[in-house]
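Reader: I should be grateful for a close look at how one pair of neighbouring elements packs, followed by some individual residues. Please state the criterion behind each term.

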Amino acid sequence: MTIEECYSALGGNYQQALGRLMNDNLIKRFVMKFPADKSYDNMVAAMNARDTDTAFREAHTLKGVCRNLAFDRLDSSVSEITEHLRAGDLAPALEMLPRVTADYELVIDTIKKL
């Protein structure tokens, strides 16, 4: 699988990533580091602990990483959950968590195939 095929499979924007990072090797290097980022796990743990402040910070961090890597699908769902958490609205954020989880798992599973 090429990096461009990876982006297509995970719902990302390869051209945007290429414009930002300038070459496939650099894109791949950063993409391969994504699974080690703990923002998603920390966000879920904070949401389960009903700690909206920490959940917001972790969601915001994850959103930034997704935006920098042009993971558009995950960025979109994380952005929505971030806004609920920013407002302190945990219930709708928890309702959105399955969608964010599905998008996150798609990214991780696709990266594993790279």
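Author: The following account begins with a helix pair and then turns to single residues.

The model is predicted, so local features need pLDDT of at least 70 and side-chain atom pairs count only at pLDDT 80 or more, while totals for chains, interfaces and linings use all residues. Residues are numbered from 1 along each chain as its sequence is written, and side-chain values use heavy atoms, with hydrogens and water left out.

Helix α4 spans residues 39–48 and helix α5 residues 52–69; helices (H or I, at least four residues) are DSSP runs numbered from the N terminus. Their axes lie 8 Å apart and the packing angle is about 155°, where axes are lines fitted to C-alpha atoms over the stretch in contact, and angles run from 0 to 180 degrees between N-to-C directions. The two helices, α4 and α5, are therefore roughly antiparallel, a class that takes in angles over 145 degrees. The crossing of α4 over α5 is left-handed, meaning that the near helix is turned anticlockwise from the far one by less than a right angle. On the α4 side, the contact (heavy atoms within 4.5 Å) is made by Ser39, Tyr40, Asn42, Met43, Ala46 and Met47. From α5, the residues taking part are Thr54, Ala55, Glu58, Ala59, Thr61 and Leu62.

Ser79 belongs to helix α6, residues 72–86. With a relative accessible area of 14%, Ser79 is buried; the limits are under 20% for buried, over 50% for exposed and partly exposed in between, using a 1.4 Å probe and protein chains only. Beyond its neighbours within four places in sequence, Ser79 is in contact with Lys63 and Arg67. The side chains of Ser79 and Arg67 also form a polar contact at 3.1 Å. Such a contact is a pair of N or O atoms within 3.5 Å; within protein, one must be able to donate a hydrogen and the other to accept it, and residues adjacent in sequence count only if both atoms are side-chain atoms.

Ile108 is located in helix α7, residues 90–113, and is buried at 12% relative accessible area. Residues up to four places away in sequence aside, Ile108 touches Phe34 and Pro35. Phe71 is 37 residues from Ile108 in sequence, and their C-alpha atoms are 11 Å apart.

Finally, the whole structure contains zero disulfides, a disulfide being a pair of cysteine sulfur atoms within 2.5 Å. For Cys6, the nearest cysteine sulfur is that of Cys66, 13 Å away. Cys6 is buried at 0% relative accessibility, and Cys66 is buried with a relative accessible area of 0%.

How values were computed. Parallel < 35°, antiparallel > 145°, perpendicular 65-115°, else oblique.
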